[in-house]
Amino acid sequence: MVTRRVFLLPLFAGLAAGGAPPAPRRLRQRSLYLSGEPGEEVPDILVWARTVTTLRFEAPVDARRTKLEGAEARFEPLLIGDRSISLYPLHELAPEDRFRLTVGLAGGELLPFTLRSDRERVDGQVDVFPDPASCEALRQHWREIQEERQRQHADLQRRVKEELSVEHALATLLVMGAERLTRLQEGSRKWSIRETGLTGTVVAMQGMGKVAVLLTVTNHDPRFSWSVSEIRLTHSVTQKPKGFSLRVQRASLPPGDTGRIALVTDASPKDAAQPYLLEIFREDGVRHIAVDKLML
């Protein structure tokens, strides 16, 4: 059997000298609702080197009363629009770095924020609502509730459909370690996972007109559990996603434990010669593992 190492892409490793630190896989967009109550904590805005973070407000921004304290050499000058502010850090911030941004609004409010870096998350856009009871804040909150309900409904339908599928049954047998009860045959290629705090193997299997990918991983982190938020399988060239049934042996993998993840999909002649990219995102949204040029 040929053993190949997984092409791992830890998000913040392997920086080229003088190059820009890579941005996280996905910039998050979020809404920030301020209570205005006494003693309210100053909210954090997560920034990252050479990545634009935009704050948007309901009211016009007062540029004269808006300032970034003690970080002028670390950031580009603030780009202030009518109702927005864009931040652009020139260099990577140290974990302990904290900078105060004070935003003045035309209505007289002064809104304080703390700028800091997080190696696993970054804010691409933050919609700020100083008054959570305003019409726009309520509308936005309602939209978010509706979007979340739609996602949950779609996820429920997908799960019900999967429970009745052959692919789901095969994936269940694989995560249980019952490969012998299937007619899936292990292929000649095997990948090894070697990443900080994580080791394991990736095996491709075929049979019964199906293709399966079985991952066995061990969490070596002595402090934190390891869990998966999302798995993607896409064509390496076209980026077109390929559907699959998924089973995860354990929702969260405690330190020192080993678990299995199985994906099963239909095999087709055109897939046999096409490379695919398998990506695994941790619970915090960071892409932790990527297997490139996976042949199904």
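Where is the place of Thr102? The points below start there. Keep in mind that this is a predicted model.

1. **Thr102.** Look for Thr102 in strand S8, which spans residues 99–105. Its relative accessible area is 14%. Buried means under 20%, so Thr102 is buried.

2. **Neighbours of Thr102.** Leave aside residues up to four places away in sequence. Thr102 then touches Arg65, Thr66, Lys67 and Glu69. Thr102 also touches Leu110, Leu111 and Pro112. Find these residues in the viewer and check each contact with Thr102.

3. **Helix H2.** Helix H2 covers residues 166–175. Is this helix mostly covered or mostly exposed? It is mostly covered, with seven of its ten residues buried. The buried residues in H2 are Glu167, His168, Leu170, Ala171, Thr172, Leu174 and Val175. Note that Glu167 and His168 are on that list, alongside Leu170 and Leu174.

4. **Just after H2.** Step past the end of the helix to Gly177. Gly177 has a positive phi of about 80°.

5. **Arg50.** Which loop holds Arg50? Arg50 sits between strand S3 (44–47) and strand S4 (53–57). Its phi is positive, near 55°, and Arg50 is not a glycine. Its relative accessibility is 40%, so Arg50 counts as partly exposed.

6. **Gln239.** Here is another loop residue to check. Gln239 lies between strand S14 (226–235) and strand S15 (245–248). Gln239 is not a glycine, yet its phi is positive, about 65°. Is Gln239 buried or exposed? Exposed means over 50%, and Gln239 has 53% relative accessibility, so Gln239 counts as exposed.

7. **Cavities.** How many cavities of 30 Å³ or more does the structure hold? There are two. The largest cavity contains about 70 Å³ of space. Its lining is made of 13 residues. Closest to the centre of this cavity are Trp226, Val248, Arg250, Leu253 and Ile261.

8. **What lines the largest cavity.** Three elements each give two or more residues to this lining: S14, strand S16 (252–253) and strand S17 (258–266). By residue class, the lining of the largest cavity has seven nonpolar, four polar and two charged residues. Strand S14 is worth a second look, as one end of the loop that holds Gln239 and as a contributor to the lining of the largest cavity.

Key
Residues numbered from 1 in each chain as written. Predicted model: local features only at pLDDT ≥ 70, side-chain atom pairs only at ≥ 80, totals over all residues. Heavy atoms only, no water. Buried < 20%, exposed > 50% of the residue type's maximum accessible area, 1.4 Å probe, protein only. Helix = DSSP H or I, 4+ residues; strand = E, 2+ residues; numbered from the N terminus. 1 Å grid on protein atoms, 1.4 Å probe; cavity = no way out; pocket = protein on both sides within 12 Å on 5 of 7 lines; lining within 4 Å. Points joined across faces, edges and corners; volume = space filled by probe spheres on them. Nonpolar A, V, L, I, M, F, W, Y, C, P; charged D, E, K, R; others polar. Contact = heavy atoms within 4.5 Å.
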